[in-house]
Amino acid sequence: MSKIAIISQPDQGVLIDVSGCTTMQEAIDHLSSTLQVSSQFWKGSNVALNLGKLELAPNQVAQVLAIAKGVGANPQTVWSDSAVTRTGLTQNNVQIGTGAPMSLPKVNLDSSAQHDFVQEEFPEEPPIERSSEEDITHFYETQDGESLKQEFSAPVEEPEDKAVKTAPLPTVLYLRQTLRSGQTVSHKGHLVIIGDVNPGAELMAEGDITVWGALRGIAHAGIGGNVQAEIRALKLQPIQIRIAHAIARSPDRPRVKFASEKFTGPETAKLVEGKIRISKRSID
Amino acid sequence: MSGRVIVITSGKGGVGKTTASANLGVALANTGASVALVDMDIGLRNLDILMGLENRVVYNLVDVVEERCKLRQALVKDKRLPNLSLLPAAQTRDKTAVNSDQMKKLCEELKELFEFVLVDSPAGIESGFQNAVAGAEEAIVITTPEMSAVRDADRIIGLLEARKDEIKEYRLVLNRIRPSMVKNNDMMSVEDVLEILSVKLLGVVPEDEEIITSTNKGEPVSGTDNTRSGLAFRNIARRLRGEDVPFMDMDPQNSTWFSRIAKFFNPAARV
């Protein structure tokens with residue numbers, strides 16, 4: 001479980017979840033490093049905070065609230081499993097959440113399905129056809145989602161099938177920072193990162209993911225079955241890409257020469273006939 | 001006078017934090033500054049070994065924090081440089097022996113006595129690391145040019161960025177680089193590492209066998225003139241003091257005529 005997650009749902013607001021942290025200092029570290037969003041983002045949003053099992057004295061609660069307020073996120077509701085913390089919350093005049101807080105989407109990535117995956121031939125070098133008109137071919141191997149398909153409501157054999165969930169995704173979470181290893185962001189809409197996503201960072205979105213920088217971590221778009229979701233980046237060099245139920249991984253070769261890697265330009269990844277394809281065309 | 005408290009950290013173990021701490025300490029002391037080395041790897045102390053002072057340790061950091069002795073009693077003066085002192089860690093305790101507040105207080109005290117306080121952090125991101133950074137205002141992140149070390153360094157930098165109110169400056173030292181391997185594209189280059197970490201570069205230290213012998217002898221390389229790694233550490237010390245020192249030429253092609261002749265007779269010679 002990641003140490004901090006930002007979960008936003010259009011109808012419920014934004015939840016900052018630090019329940020994965022085990023100490024207050026950890027929670028503070030992650031809050032400070034991840035909440036570098038423009039304060040415009042928080043305005044008008046109903047912001048909530050999930051402290052999980054963290055036990056905080058009243059002054060520590062005040063400290064955590066102050067950090068969130070410092071970046072413009074003023075939590076109106078706070079969830080906590082600890083009675084000690086709840087006392088602190090009441091003393092700080094914060095409303096305590098009842099019931100369960102929003103959680104990260106449950107995604108079933110059954111790794112035992114690996115045996116089914118289709119071996120595809122892919123060239124060792126990026127194919128030269130990348131500059132051609134057509135959608136460029138499989139650059140990555142894709143995991144066959146056979147055993148996973150029952151988990152999601154959207155069938156994927158027929159891309160024309162209109163039964164795919166196409167509910168509008170009105171909100172976009174817009175972050176202007178580089179995500180470092182260990183940081184995660186999740187959003188029930190589209191996700192835009194202005195900055196790099198370093199190896200070890202994870203992005204999750206129900207909609208599209210757009211990285212205005214280098215995507216070198218893990219990105220999962222279309223959580224919940226949205227097979228129309230796309231992942232795009234100025235430099236698409238991820239460890240893994242996941243769209244809806246499909247997973248694709250980068251080719252097995254040493255990934256160390258980042259500075260001198262041939263820059264092939266901005267690319268988009270999307271699901272075509274159940275397999276993830278990378279193309280240079282941004283509009284389709 | 002209020003000294004500079006600099007924590008030397010990395011995330012990954014074994015990349016050269018303790019070696020760097022010892023060598024920077026000696027190099028800074030040789031420029032005339034008063035330096036305190038603090039070993040925060042409680043339970044697995046090594047800094048005293050690298051400095052050749054392990055038989056001179058009487059009291060340690062935990063004794064100071066638990067008020068069994070005064071700070072001055074625990075500080076061990078270096079056997080060669082009078083302006084360099086070591087505050088050793090405890091070998092028989094573990095990292096729970098100290099907390100952040102105690103560390104802050106200790107660093108406040110040390111700042112008043114020394115121009116430079118170098119804190120050698122243990123590996124990891126848990127309480128050992130958190131205690132080590134507690135009193136620091138600057139940080140040096142050490143990494144080697146390998147994906148695993150760079151990944152961990154990235155994590156550490158993320159954690160240091162979160163403490164931007166306390167840690168005002170953090171810079172990178174790239175350790176154990178082998179220029180010939182970089183040239184063959186078998187090893188990450190400085191640019192590759194900076195592409196991921198995006199942090200200011202303080203120095204680059206080449207791989208050097210002399211480090212092994214220096215550790216065994218208890219004499220840090222930066223104290224003598226004849227090693228490349230020692231020179232690199234001395235340059236880093238000068239940069240810490242504000243001097244603008246150009247980076248060493250690591251290009252293996254620019255080796256001297258002597259090394260080329262040596263290589264002719266013995267291709268495996270590392271010169």
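Colleague: In what order do the 8 strands of the open sheet in chain B stand?

Modeller: The order is β3-β4-β2-β5-β1-β6-β7-β8, with mixed pairing. Strands are DSSP runs of E, at least two residues, and helices are runs of H or I, at least four, numbered from the N terminus; two strands pair if DSSP finds at least two bridges between them. This is a predicted model, in which local features need pLDDT of at least 70, side-chain atom pairs count only at pLDDT 80 or more, and totals for chains, interfaces and linings use all residues. Residues are numbered from 1 along each chain as its sequence is written, while chains are lettered from A and ligands numbered from 1 in the order in which they are written.

Colleague: Which strands stand at the edges in chain B?

Modeller: They are β3 (76-77) and β8 (200-206) of chain B; each has a single partner strand, so one side of each lacks a neighbour in the sheet. The partner β4(B), residues 84-87, pairs with β3(B) antiparallel over 2 bridges, and V76(B) stands opposite L86(B).

Colleague: What does helix α5 of chain B lie across?

Modeller: Helix α5(B), residues 100-113, lies across β1 (4-9), β2 (35-39) and β5 (116-120) of chain B, at about 145 degrees to β5(B). Contact means C-beta atoms, placed from the backbone, within 7 Å; axes are lines fitted to C-alpha atoms, for helices over the stretch in contact, with angles from 0 to 180 degrees between N-to-C directions.

Colleague: Turning to chain A, which strands are at the edges of the open sheet there?

Modeller: They are β7 (172-175) and β17 (275-279) of chain A, in the order β7-β9-β11-β13-β16-β17.

Key: Contact = placed C-beta atoms within 7 Å.
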